[in-house]
Amino acid sequence: MTTPSERTLQARIAAHESWAKTPDRAARTAKARDALLSKFDRLVDPDGLLSPEERAYRAKQARKAHYTRLALKSASTRRGRRNRDESGDL
C-alpha cells in the first residue's frame, strides 16, 4: 500500500512524463484556457447584452481583479508562514 506522499510523487512523475511527450503545450491547454476566458465573459455579461468590445474590456478588468486578489492572498499567506517560522511555532 502506498502512502499519500508516495501517491503524490507518482502523480507528479506521471505529469512530468506526460508533458515531456507533449509536442504542442498550447494546443493541449487551449480548451481549458478558452473555458477560463469565457468564465470571465459570462461573469461580466451574463445576459449577453454588451458589445463585444465592452465585454472584452470588462472581462479583462475582471481577470486583472481576480489575479490581483490571488496575489494578495498569496502574499498574506507567505507573510503568515514567515511570521510563524520566525516565532518558532510549527
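A polar contact here is a pair of N or O atoms within 3.5 Å; within protein, one must be able to donate a hydrogen and the other to accept it, and residues adjacent in sequence count only if both atoms are side-chain atoms.

This is a predicted model, where local features need pLDDT of at least 70, side-chain atom pairs count only at pLDDT 80 or more, and totals for chains, interfaces and linings use all residues. Residues are numbered from 1 along each chain as its sequence is written, and side-chain values use heavy atoms, with hydrogens and water left out.

**View 1. Threonine 22 in the loop between α1 (4–20) and α2****.**
Helices are DSSP runs of H or I, at least four residues, numbered from the N terminus. From its loop, the threonine 22 side chain gets to the backbone oxygen of serine 18 at 2.8 Å. It also meets the side chain of arginine 28 in a polar contact of 2.6 Å. With a relative accessible area of 17%, threonine 22 is buried (under 20%; exposed is over 50%, partly exposed in between, 1.4 Å probe, protein chains only).

**View 2. A nonpolar surface patch of Leu36, Tyr67 and Leu70****.**
Together the three offer about 260 Å² of accessible area (Shrake-Rupley method, 1.4 Å probe, only the protein chains shown counting as cover). Patch members have over 30% relative accessible area and no salt bridge (a side-chain nitrogen of Lys or Arg within 4 Å of a carboxyl oxygen of Asp or Glu); like charges are joined within 9 Å, nonpolar side chains (Val, Leu, Ile, Met, Phe, Trp, Tyr) within 5 Å. Leucine 36 sits in helix α2 (residues 25–44), and counts as partly exposed because its relative accessibility is 31%.

Technical notes
Helix = DSSP H or I, 4+ residues; strand = E, 2+ residues; numbered from the N terminus.
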